[in-house]
Amino acid sequence: MKKELPVIETPKQKTKEKDYSKYFQTTYQPPSLKDAKRRGKEKVQFHKDFSIPDDLNGLGKGKKFMIRTYGCQMNEHDTEVMAGLLVDMGFESTNETEEADIILLNTCAIRENAENKVFGEIGHLKPLKLEKPGLILGVCGCMSQEESVVNKILQKHQHIDLIFGTHNIHRLPHLIKNAIFGKEMVIEVWSKEGDIVENLPRVRKGNIKGWVNIMYGCDKFCTYCIVPYTRGKERSRHPEDIIEEVRHLARNGYKEITLLGQNVNAYGKDLDGMEYGLGNLMDEIRKIDIPRVRFTTSHPRDFDDHLIEVLAKGGNLVEHIHLPVQHGSSDVLKLMARKYTREHYLELVDKIKKQIPNAVFTTDIIVGFPNETEEQFEETLSLVKEVEYDMAFTFIYSPRDGTPAAKMEDNVPMEVKKERLHRLNDVMNEIFLKKNLELKGEIVEVLVEGESRKNPDVLTGHTRTNKVVHFHGAKSLIGELVNVQITDPKTWSMGGELVETAEVSR
Ligand code: 5AD
Ligand code: SF4
């Protein structure tokens with residue numbers, strides 16, 4: 001199956017009027033970060049009656065699919081939806097690359113190394129495609145929203161059959177049909193977000209913990225971040241749809257749910273005619289009979305008092321707060337357009353600690369933002385010492401095409417950035433270990449999730465505060481909440497012993 005490839009110019013040379021549509025069988029919709037940046041005033045429409053057209057049902061009979069997921073929980077969530085759509089079309093899931101008739105790469109664009117991994121995988125899959133021309137190779141997720149990525153695939157990776165964007169997921173059945181029956185590459189990437197489509201089928205990974213998406217998109221436009229461009233404007237699902245999904249998971253025996261969104265604290269701001277925020281939603285969800293409820297990811301700016309008040313009620317609302325700070329210097333935070341200062345952030349942490357004394361904080365931090373000085377970096381070090389995070393994700397700043405920060409001149413050499421990351425991690429690891437040592441001898445509640453990857457004789461799970469705990473126990477405990485006494489705290493995990501009946505101390 002040879003594809004007719006257009007002669008593509010690089011994005012810089014590309015003229016606005018250039019129309020590639022004649023080269024593609026479906027309407028070729030080139031992604032545009034510029035269009036993706038626009039925030040229209042149009043109301044989001046809700047579609048609740050999704051179904052796969054009859055002529056596409058059964059298209060996958062006797063065929064298998066595989067989806068590789070990169071990046072964040074939102075991608076894991078989207079993978080579950082795509083798997084649901086494919087299963088409803090009659091496809092079967094497989095973990096064996098060689099067996100698959102469809103392979104989808106659900107990609108992440110957050111940093112350059114995430115993109116490099118995907119391009120590596122695209123290259124690895126080429127021999128398989130040559131051997132098996134009927135194989136459909138698709139690229140979706142955040143990278144497909146970037147025009148530079150689509151152009152690169154067009155120029156260098158002609159063995160890809162299908163590219164579709166984050167707003168086009170519900171169109172997957174049609175796109176698969178076009179890819180199977182057409183001769184040319186199928187590309188459909190809407191730069192402007194679509195409406196909210198409810199009732200999409202879903203194949204969830206596991207039956208213990210479930211993702212529940214509460215909103216799509218992000219309007220924060222932090223200057224380093226590509227997400228507002230790849231995921232579109234903030235759109236909240238209706239509370240009744242979310243609550244129904246949580247109830248459904250509870251009825252099906254799930255023990256933990258995580259409410260998902262790129263900026264969950266903005267939940268509800270776009271819902272017409274109602275004063276309803278994340279606090280209201282959590283207050284309703286806490287009454288549902290499911291043992292644990294988490295949410296991610298928070299933006300400190302919109303973390304309001306009502307939410308803190310509701311979280312302080314405890315119960316199934318766990319005392320773990322992931323609160324990305326990104327940097328410890330108010331000057332850098334300003335350049336990042338985070339819209340809070342170091343002092344505001346610390347005040348918020350203090351306020352939460354006062355109302356939820358056993359709250360555990362985790363965070364995301366970027367080092368090496370353009371022109372970060374040694375003094376500014378040291379402010380990050382002093383902030384992490386002050387907050388005493390229990391865990392953190394730390395990153396070297398990665399310029400993302402089309403974002404304001406990517407246009408900033410940068411005088412910090414990569415060697416210095418690497419050394420700063422190293423120093424930050426050293427400081428943080430010491431704090432993580434100190435915090436875990438405080439738990440020695442304590443009895444914690446653990447949700448048993450499975451066998452440890454390193455040792456199948458050991459069970460593994462998480463505490464309410466999201467710490468990993470390993471212990472010996474019967475396999476029948478998988479999916480249960482058990483009490484474990486911590487005996488061997490380490491930096492990133494803790495060893496413990498199962499205790500039969502005991503008061504949980506944490
Ligand atoms: N470079 C490095 N890290 C980034 N993040 C987002 N964009 C970038 C970037 N361009 C980090 C932030 C965010 C986390 C998901 O990824 O810390 O919270
Ligand atoms: Fe990116 Fe999060 Fe900022 Fe949104 S709030 S732009 S997702 S870092």
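Which backbone atom of Ser398 lies 2.8 Å from a nitrogen atom of ligand 1, and what else surrounds that ligand? Let's work through it, with a little housekeeping first. This is a predicted model, where local features need pLDDT of at least 70, side-chain atom pairs count only at pLDDT 80 or more, and totals for chains, interfaces and linings use all residues. Residues are numbered from 1 along each chain as its sequence is written, chains are lettered from A and ligands numbered from 1 in the order in which they are written, and side-chain values use heavy atoms, leaving out hydrogens and water.**Exercise 1. Describe the setting of ligand 1.**

Step 1: Begin with the opening question. The atom of Ser398 is a backbone N or O atom, 2.8 Å from a nitrogen atom of ligand 1. Taken alone, ligand 1 exposes 400 Å², and the protein buries 87% of that (Shrake-Rupley areas with a 1.4 Å probe; for residues, only the protein chains shown count as cover).

Step 2: Add two further atom pairs. A polar side-chain atom of Arg111 is 3.0 Å from an oxygen atom of the ligand, and a polar backbone atom of Tyr224 is 3.0 Å from a nitrogen atom of ligand 1.

Step 3: List the shell (residues with a heavy atom within 4 Å). Around ligand 1 are Ile110, Arg111, Tyr224, Gln326, Asp364, Ile366, Phe395, Ile396, Tyr397, Ser398 and Arg400. Strands S15 and S16 each supply at least two residues of this shell (strands are DSSP runs of E, at least two residues; helices are runs of H or I, at least four; both are numbered from the N terminus).

Step 4: Sort by type. The shell of ligand 1 has 6 nonpolar, 2 polar and 3 charged residues (Ala, Val, Leu, Ile, Met, Phe, Trp, Tyr, Cys and Pro are nonpolar, Asp, Glu, Lys and Arg charged, and the others, Gly among them, polar).

**Exercise 2. Do the same for ligand 2.**

Step 1: The residues around ligand 2 include Cys218, Cys222, Tyr224, Cys225, His299 and Arg338.

Step 2: By type, the shell of ligand 2 divides into 7 nonpolar, 2 polar and 2 charged residues.

**Exercise 3. Check the length of helix H14 and find what covers it.**

Step 1: H14 (residues 414–437) has 24 residues, so at 1.5 Å a residue it should span 34 Å (1.5 Å times one less than the number of residues).

Step 2: The end C-alpha atoms of H14 are 34 Å apart, which agrees.

Step 3: Among the buried residues of H14 are Leu421, Leu424, Val427, Ile431 and Phe432 (buried is under 20% relative accessible area, exposed over 50%, partly exposed in between; 1.4 Å probe, protein chains only). What covers the buried residues of H14 includes S15 (360–367), H13 (374–387), S16 (391–396), S20 (481–489) and S21 (493–499).

**Exercise 4. Is His327 buried or exposed, and what does its side chain meet?**

Step 1: Place it. His327 sits in the loop between S14 (320–322) and H11 (330–335).

Step 2: Its relative accessibility is 1%, so His327 counts as buried.

Step 3: The side chains of His327 and Glu372 share a polar contact of 2.7 Å (N or O atoms within 3.5 Å; within protein, one must be able to donate a hydrogen and the other to accept it, and residues adjacent in sequence count only if both atoms are side-chain atoms). A polar side-chain atom of His327 also lies 3.0 Å from the backbone nitrogen of Ser329.

Step 4: Leaving aside neighbours within four places in sequence, the contacts of His327 (heavy atoms within 4.5 Å) include Ile366, Gln376 and Phe377.

**Exercise 5. Find the side-chain partner of Arg231.**

Step 1: Arg231 is in helix H7 (residues 227–231).

Step 2: With 6% relative accessibility, Arg231 counts as buried.

Step 3: The partner is Asp78, whose side chain makes a polar contact of 2.8 Å with that of Arg231.
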